[in-house]
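Here is a short briefing to read alongside the model. Please keep the structure open as you go through the points.

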Amino acid sequence: AIIWAQENMIKAEVLSVSGGTAAVYSARAPDKPTPSEDVVAVIPFGRDCCVLAVADGVGGLPAGEQASRLAVDMLSDRLAAAAGDSALLMLSILDGIDEVNRALLARGLGAATTLAVVEVQGAVVRSYHVGDSMILVAGQRGKIKLQTVAHSPVGYAVEAGLLDEMEALHHEHRHVVSNVVGIEAMRIEVGPSLRLARHDTLVIASDGLPDNFYIDEIVERVRSGPLDEAARRLIEDSRQRMESEGDGARPGHADDLSFILFRPRRRAAEETHDDG
């Protein structure tokens, strides 16, 4: 596994991974004196398969920092034990998250973390998430093909149509999370299997990304152009908004920011031409 923990990257690192290409970035909030509580990982799993993960620790340092790193380490160990057997992939991810939950509860420190995980098998992906980290799939023309719902009162209110996106971004309880890894009632939301078209972009991110952009702004920045340029646009614009704390019309909130952008190899996605 390749794990980025407590990083303060200047630019995204672009990697060739099983099934495609990934751009990975992780940095702490501007002027934050302590390490980031985010951890990002790319975990190989057999031939033409990998697992992408973003964890965002909650509860403050050191508990949050330890929780996010433990989550990624234990998930990686569980996947390694499956020895690349694709029949065991889903079970390994679910068992890994459950093991992390039990381990955090056993420590009794109040440590917890959000966790967003995507399995990639060729051009077919499936999402797993706990908390308010984001998983999104956007087509080249801007169609949103997958978007997870934040496990929070505000996230559920948006999904139910009780709040619009602008109201949610400025809501006083925006950062109250109701489901995390590290509580007795932890719940894993598993998404559908989705085949990516050849120009689709998968985004996995801590809440530092949706806290600083409307969803259509994220889509506009990642849907086309080279992957490293898409990452650069997100990094530069989010940094500017964090430092300015928004301007009323646009969001802005200083926070740790970590994300993975992924696009499938053309051969893996060549059977799907609806680029959206």
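C50 is buried, at a relative accessible area of 1%, and C49 counts as buried too, at 4% relative accessibility. Keep in mind that this is a predicted model. The points below start with these cysteines and then move to the sheet and the helices on it.

**Cysteines**
- How far is the sulfur of C50 from the closest cysteine sulfur? That sulfur belongs to C49 and lies 6.5 Å away, which is too far for a bond.
- Seen from the other side, the closest cysteine sulfur to that of C49 is the one in C50, again at 6.5 Å.
- A disulfide calls for sulfur atoms within 2.5 Å, so C49 and C50 do not form one at 6.5 Å.
- The count of disulfides for the model comes to zero.

**The sheet**
- An open sheet is built from six strands, and its order reads β2-β3-β13-β12-β8-β9. The pairing in this sheet is antiparallel.
- At the edges sit β2 (13–17) and β9 (144–147), each of which pairs on one side only.
- On average, neighbouring strands are turned by 15 degrees against each other, with direction ignored.

**Strand β13 and its partners**
- How many bridges link β13 to β3? There are eight, and the two strands run antiparallel. In this pairing, A27 has L257 of β13 as its bridge partner.
- With β12, strand β13 shares four bridges, also in the antiparallel sense. Here L261 of β13 is the bridge partner of V203.
- Is β13 mostly covered or mostly open? Mostly covered: eight of its eight residues are buried.
- This burial takes in both faces, with L257, F259, L261 and R263 on one side, and S258, I260, F262 and P264 on the other.

**Strands β8 and β9**
- Strand β8 (residues 134–138) is joined to β9 by three bridges, and the two run antiparallel.
- Opposite A138 you will find I144 in β9.

**Helices on the sheet**
- Which strands does helix α5 lie across? Helix α5 (residues 215–222) lies across β8, β9, β12 (201–205) and β13 (257–264). Its direction is at about 55 degrees to β8.
- Helix α6 (residues 227–244) also packs on the sheet, where it touches β2, β3 (20–27), β12 and β13. The direction of α6 makes about 160 degrees with that of β13.
- Strand β13 thus appears in the lists for both helices, α5 and α6.

Definitions and conventions: Residues are numbered from 1 along each chain as its sequence is written. This is a predicted model: local features need pLDDT of at least 70, side-chain atom pairs count only at pLDDT 80 or more; totals for chains, interfaces and linings use all residues. Side-chain values use heavy atoms; hydrogens and water are left out. Two strands pair if DSSP finds at least two bridges between them. Axes are lines fitted to C-alpha atoms, for helices over the stretch in contact, and angles run from 0 to 180 degrees between N-to-C directions. Contact means heavy atoms within 4.5 Å. Buried means under 20% relative accessible area, exposed over 50%, partly exposed in between (1.4 Å probe, protein chains only).
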